Amino acid sequence: MKHGDGTTPGAYSPALDGLRALAVAAVVVYHFAPAALPAGFLGVDVFFVVSGFLITRLLAAEVRTSDGIRLRAFWGRRIRRLLPALAVLVEVTVAVAAVASTALERRGLPAQTLGALTFSVNWVLIAQSGDYFATVGRPSPLLHIWSLRSEEHTSELQSRG
């Protein structure tokens with residue numbers, strides 16, 4: 001079997017990256033042109049299912065090779081892989097928000113930025129508004145980073161199960 005063909009347990013599978021890219025593209029199209037792709041929000045579900053599968057596959061491989069899960073090591077690898085790209089995304093987003101947002105919209109941005117970089121923006125937004133989904137006006141430009149924390153919850157639950 002060739003490495004990267006997706007048939008070897010834990011092997012890289014370009015098709016799964018492609019599926020996740022299509023899911024993200026569907027969500028982006030839905031946000032900018034909802035009439036063009038009315039069910040584009042389903043891309044979020046597809047993305048989470050594929051990401052959950054990949055996380056589960058990594059954790060299962062670790063259990064097979066070491067009879068357990070070293071959750072701190074898993075988180076460390078995840079942070080090293082995600083944080084550089086996340087830092088760039090947050091930096092660009094905050095720079096654009098500084099120019100394109102109102103003073104009221106920028107008010108909570110420093111705490112949201114810290115929350116985004118610590119995978120806890122969902123809790124920051126709840127603390128700031130009291131109701132996570134009932135946003136008045138435009139939502140935070142960092143709102144979608146809540147998905148990273150959701151995946152962390154998944155890995156925590158899987159490691160206990």
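This passage walks through the overall fold, one helix, two loop residues and one helix pair.

The model is a predicted one, and its secondary structure is purely a matter of helices: seven of them, with zero strands. Going along the sequence, the pattern reads simply α-α-α-α-α-α-α. The chain runs to 161 residues, of which 30% count as buried. If contacts between residues at least 6 apart in sequence are taken, 56% of them join residues at least 24 apart. As for the surface, about 10,300 Å² is exposed by the chain, and 69% of that comes from carbon and sulfur atoms.

Helix α2 takes up residues 42-66, 25 residues in total. From first C-alpha to last, α2 reaches 36 Å, close to the 36 Å expected at 1.5 Å a residue. The buried residues of α2 are a mixed bag: G43, V50, S51, G52, L54, I55, R57, L59 and E62. In an α-helix there are 3.6 residues a turn, so residues three or four places apart point the same way. Among the buried positions of α2, V50 and L54 fit that kind of spacing, as do I55 and L59.

Right after α2 comes D67, with a positive phi near 60°. Most residues other than glycine have a negative phi, and D67 is not a glycine. D67 sits in the loop that leads from α2 to α3 (71-100). With a relative accessibility of 75%, D67 counts as exposed.

F119 tells a similar backbone story: its phi is positive too, near 60°, and it is likewise a residue other than glycine. F119 belongs to the loop between α5 (109-117) and α6 (121-129). Here the surroundings are another matter, since F119 has a relative accessible area of 9% and is therefore buried.

The two helices on either side of F119 also pack against each other. Two packed helices are described by the angle and the distance between their axes. For α5 and α6, the axes come within 7 Å and cross at roughly 155°. Angles over 145 degrees count as roughly antiparallel, so that is how α5 and α6 run relative to each other. On the α5 side the contact is made by A111, Q112, G115 and A116, and on the α6 side by V121, V124, L125 and Q128. Sorted by class, the contact comprises five nonpolar residues and three polar ones, with no charged residues at all.

Terms used:
Residues are numbered from 1 along each chain as its sequence is written. This is a predicted model: local features need pLDDT of at least 70, side-chain atom pairs count only at pLDDT 80 or more; totals for chains, interfaces and linings use all residues. Side-chain values use heavy atoms; hydrogens and water are left out. Helices (H or I, at least four residues) and strands (E, at least two) are DSSP runs, numbered from the N terminus. The expected span of a helix is 1.5 Å times one less than its number of residues. Buried means under 20% relative accessible area, exposed over 50%, partly exposed in between (1.4 Å probe, protein chains only). Contact means heavy atoms within 4.5 Å. Accessible areas come from the Shrake-Rupley method with a 1.4 Å probe; for residues, only the protein chains shown count as cover. Axes are lines fitted to C-alpha atoms, for helices over the stretch in contact, and angles run from 0 to 180 degrees between N-to-C directions. Angles under 35 degrees count as roughly parallel, over 145 as roughly antiparallel, 65 to 115 as roughly perpendicular and the rest as oblique. Ala, Val, Leu, Ile, Met, Phe, Trp, Tyr, Cys and Pro count as nonpolar, Asp, Glu, Lys and Arg as charged, and the others, Gly among them, as polar.
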